[in-house]
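Dear colleague,

Here is the structure we spoke about. My notes on it follow below.

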Amino acid sequence: MQNAYISGTGFYVPPRVVTNDDLRTQYGIDTTHDWIHKRTGIESRRFADEGIGSSDLAVHASVDAIAAAGIDKKDLDMILFATLSPDHCFPGSGVFLQQKLGLCDGDSPKFVPAMDIRNQCSGFLYGLTTARAMVTSGQCKHVLLVGAETHSAALDLSTRGRTVSSLFGDGAGAVVVSATTEDRGIRGTWLGADGRFALNLCQKVWDIKKRPFIPMNAEGVGQVTPENAWAQMDGKIVFKHAVEKMCLAVMQSCWELQIELKDIDLFCFHQANMRINQYVAQQLNLPDEKVVHNIQRYGNTTAATIPILLAESERNGKLKRGMKVAMVAFGSGFTWGSAVCDW
Ligand code: UT7
C-alpha cells in the first residue's frame, strides 16, 4: 500500500485587518481589546469584502498549495472542500472552486470529483482522513483539500452577538495530499463526534421540518429571527469539552502509534481560543516552542485554521521535512479529530 503525504501547503487571508478596537469603533460593539485579548488571545482578524465568498478565498490558497506541491492543477484527482460558510446552500463550494481553478477550461478539462465536508472546526481533519483514504487505496494520486471560511458575512456584528462575533475571522488554507512510496506521510488520523451537543454550537438559519422551512411575511419574503440567523454558542461548555477532547485526542494518537509525546516535534492545534490551547499544552506538559499559534492575527477561521498554520509554519521555518507533526481539532457537533504526520 502506498503512503499519503502532504506534498504542498498554501494559504490566503483577505487583506482587510479588523482589530479588536475596530469592532468597537467601526461596528459599534460594546467591547474592549482587553476583554477579547485576555479571554481568547485574539488581537485582530481578517474580514473579506462584500462580493468575496469562501470559494474565492479557497482559489488563492489552492493555487499556492498546488505550486508548493510542484504539480499542475490538472494532476489533481479530487477536491475536498471543508467549510461551514459555503457560498450557497447547494451545490457545495467544491464545484465552484473546481470551476474557478480553471479545471473545466481548455482542450483537456478535468472534471474531478468535488466533495464538501461539513464538520466545522474539525472539517480539515475529517477531510485529511478522507484524502488519505483516497490516496492510500490507490483511487487518487493527488487530492486537493481546502478549508475556507467567510465568517464575516454571517456574524452578528452587534453588542448582542459579541460573544461569538469577536472570535471569528475569514481565511483559507489548503494542502495537496499525494501518493508516495517513501516511508513518510500521514501515519494516522482519529475522529470523534458527540451529537448530544449538536445544538451547543450551531447556526440553524432554517428548520426543514417546518412549512415553510423559513417563515415568510405576507409578501412571501423569508423572515429569519436573530437566533436562527446567527451562530449560537454555549461558550463555557464548548471550552470545557474542547480542552478535554483535545487532550484525549493527542493521547490517542500517541497510543495508537506507540509513540510518546516527546517524539512529536510540532503541535498544530485548531485555533479557537489561545486559552484552550494553553490549557491543553499545560495538561500535557508540552514545551512552548513545540506549539504554534496564529490566532492572535486571524482569530478562529474554523476549517482553515490548521492548514493556514501548517502553511505559515512551513514558510517561517518552524515546520521542516523529517519532523513529526500532530494536528488536533475540536468544534461544533461536537466533533473532534487528530492526525500525526511525518513531514
Ligand atoms: O471552534 C470552537 C468554537 N468556539 C470555542 O472554542 C469557544 C469556547 N469558549 C470560549 O472561548 C469562551 O466561552 C468565550 C471567550 C467565548 C467567552 O468567555 P466566557 O468567560 O465564557 O464569557 P461569558 O460568555 O460567560 O461572558 C461573560 C461576560 C458576559 O457579560 P455578563 O452577562 O457577565 O454581564 C458577556 O456578555 O462577558 C460579556 N461578553 C463580552 N464583553 C465584552 C461576552 N463577549 C464580550 C465581548 N466584549 N466581546
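**Ligand shell and core**

The shell around the ligand (residues with a heavy atom within 4 Å of it) divides into 11 nonpolar, eight polar and four charged residues. Here Ala, Val, Leu, Ile, Met, Phe, Trp, Tyr, Cys and Pro count as nonpolar, Asp, Glu, Lys and Arg as charged, and the others, Gly among them, as polar. This is a predicted model, in which local features need pLDDT of at least 70 and side-chain atom pairs pLDDT 80 or more, while totals for chains, interfaces and linings use all residues. Residues are numbered from 1 along each chain as its sequence is written, and side-chain values use heavy atoms, without hydrogens and water.

Of the 23 residues around the ligand, Thr-31, Cys-121, Arg-162, Lys-236 and Asn-273 come nearest. Domain 1 (3–182) and domain 2 (186–199 + 230–342) each supply at least three residues of the shell; the bounds come from an automatic or database domain assignment.

Polar side-chain atoms of Asn-300 and Arg-39 lie 3.0 Å and 3.4 Å, respectively, from an oxygen atom of the ligand. From Gly-235, a backbone N or O atom lies 3.0 Å from a ligand nitrogen atom. The protein buries 72% of the 960 Å² that the ligand exposes when taken alone (Shrake-Rupley method, 1.4 Å probe).

The largest nonpolar core (buried nonpolar residues, under 20% relative accessible area, joined through side-chain atoms within 4.5 Å) has 35 residues. Ile-6, Phe-124, Leu-128, Val-177, Leu-310 and Met-327 touch the most other members. Helix H5 (residues 123–136) gives the most to this core, seven residues (helices are DSSP H or I runs of at least four residues). Both domain 1 and domain 2 give residues to this core, so it lies between them.

Regards

Technical notes:
Polar contact = N/O pair within 3.5 Å; in protein donor to acceptor, adjacent residues only side chain to side chain. Buried < 20%, exposed > 50% of the residue type's maximum accessible area, 1.4 Å probe, protein only. Helix = DSSP H or I, 4+ residues; strand = E, 2+ residues; numbered from the N terminus.
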